[in-house]
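Morning, everyone. I have one structure to walk through today. Please have a look at it before I start.

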Amino acid sequence: MTMEARITRHVNRLFEQAQDTQANRELKEEIQSNLTARIEDYVERGMDEDQAFQNAIQHVAGLDDIFTGNHRVQRVPYWTAVLQSALIYSLIAWIITIPMRVLVEGNVLNNLLMIVSLIVGGTYVFYMLKNKNNHPGGEDITVIRTPLLMQWARRLWWIWAGFILVLWGTQVAVRFGSNLWYSRPIQVEGPYQFAVIAIAFAIPLLSVIVPLVVHRAYRIVSKYEVGDVI
């Protein structure tokens, strides 16, 4: 039996007596995802798959504990990882937009992303210095409400998708509205105009940083968890 099948069977057993509701289905999906991530983490540390599986399921004692959806995590390593992800994403976006500086809009955006990167980087350094005396294995913990975090992660992806569609629709209306209304062909005069149009449609995509950071914050909860679900 594959590891995926073992995890699925174990989670199904946990929910044998649970009602088939949307909330329970989402919780079931969350538990399976967390177990998978925990097992992968154990295997990376050198455990064999069977031992990793047994250690992981010990953190899921039963539904009485699971339904609260609260997870205790190491505060400093967890938030450090979240800030690292935010810094990496913002730096990547900044680097990607450097060639756009040839245009006024691209120059403004690149400068803005540089400022964002500096703010996130400064926050990361300040947080590290403030907590440099905290031992990684200490009892300094924080509680993460994972169902709520997962819900927000999903909502942000939908909001982001809607945001992109609205901005792209606006760009199409502004740039090509008259051509489409009067059924005239759309003409792009040279590489410069093409670059202007491409950049105008690409810029909104950089807002993906926000849902990416929240999704990352949700995905790494199990990695920094310090005890059973509470």
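I will go from confidence and overall layout to the cores, and then to three single residues.

First, what this is. The model is predicted. Mean pLDDT for the protein is 83, with 89% of residues at 70 or more. Where is confidence lowest, and where is it highest? The low point is helix α4, residues 63-66, with a mean of 51. The high point is helix α5, residues 75-96, at 93. Where pLDDT is low, the predicted coordinates should not be read in detail. Keep that in mind for α4, with its mean of 51.

Now the layout. There are nine helices and two strands. Along the sequence the order runs α-α-α-α-β-α-α-β-α-α-α. The protein has 230 residues, and 37% of them are buried. Take the contacts between residues at least 6 apart in sequence: 78% of those join residues at least 24 apart. The accessible surface is about 14,000 Å². Carbon and sulfur atoms account for 62% of that surface.

On to the cores. Which residues have the most contacts inside the largest nonpolar core? They are Tyr78 and Leu149, in a core of 31 residues. Four elements give two or more residues to this core: α5, α6 (104-130), α7 (146-181) and α9 (209-219). Helix α5 supplies the largest share, eight residues. Look at Tyr78 itself. Setting aside neighbours within four places in sequence, Tyr78 is in contact with Val73, Ile144, Leu149, Ala217, Ile220, Val221 and Tyr224.

There is also a second, separate core. This one has 14 residues, including Leu14, Leu27, Ile39 and Phe53.

Phe53 takes us to helix α3, residues 49-57. Ala52, Phe53, Ala56 and Ile57 are buried there. Viewed down the axis of α3, the buried residues fall within an arc of 120°, so they line one face of the helix. The general rule behind that spacing is simple. An α-helix has 3.6 residues a turn, so residues three or four places apart point the same way. One more detail on α3: Asp48 caps its N-terminal end. A side-chain oxygen of Asp48 lies 3.1 Å from the backbone nitrogen of Asp50.

Now the single residues. Start with Ser90, in helix α5. Is Ser90 buried or exposed? Its relative accessibility is 1%, and the cut-off for buried is under 20%, so Ser90 counts as buried. A polar atom of its side chain lies 2.9 Å from the backbone oxygen of Leu87. Beyond neighbours within four places in sequence, Ser90 is in contact with Val116, Ser117 and Ile209.

Next, Ser183. This serine is in the loop between α7 and α8 (190-202). Ser183 is exposed, at 66% relative accessible area. Its phi is near 60°, a positive value in a residue other than glycine. For background, most residues other than glycine have a negative phi.

Last, Lys223, in the segment after α9. Lys223 is partly exposed, with a relative accessible area of 42%. Which residues does Lys223 touch, leaving out those up to four places away in sequence? Asp41 and Arg45. Arg38 is worth checking too. Lys223 and Arg38 are 185 residues apart along the chain, yet their C-alpha atoms are separated by 6.3 Å.

That is my tour. Questions, please.

Definitions and conventions: Residues numbered from 1 in each chain as written. Predicted model: local features only at pLDDT ≥ 70, side-chain atom pairs only at ≥ 80, totals over all residues. Heavy atoms only, no water. pLDDT = per-residue confidence, 0-100. Buried < 20%, exposed > 50% of the residue type's maximum accessible area, 1.4 Å probe, protein only. Arc of directions from axis to C-beta. Polar contact = N/O pair within 3.5 Å; in protein donor to acceptor, adjacent residues only side chain to side chain. Core = buried A, V, L, I, M, F, W, Y, C linked by side-chain atoms within 4.5 Å. Contact = heavy atoms within 4.5 Å. Areas by Shrake-Rupley, 256 points an atom, 1.4 Å probe, with all protein chains shown as cover.
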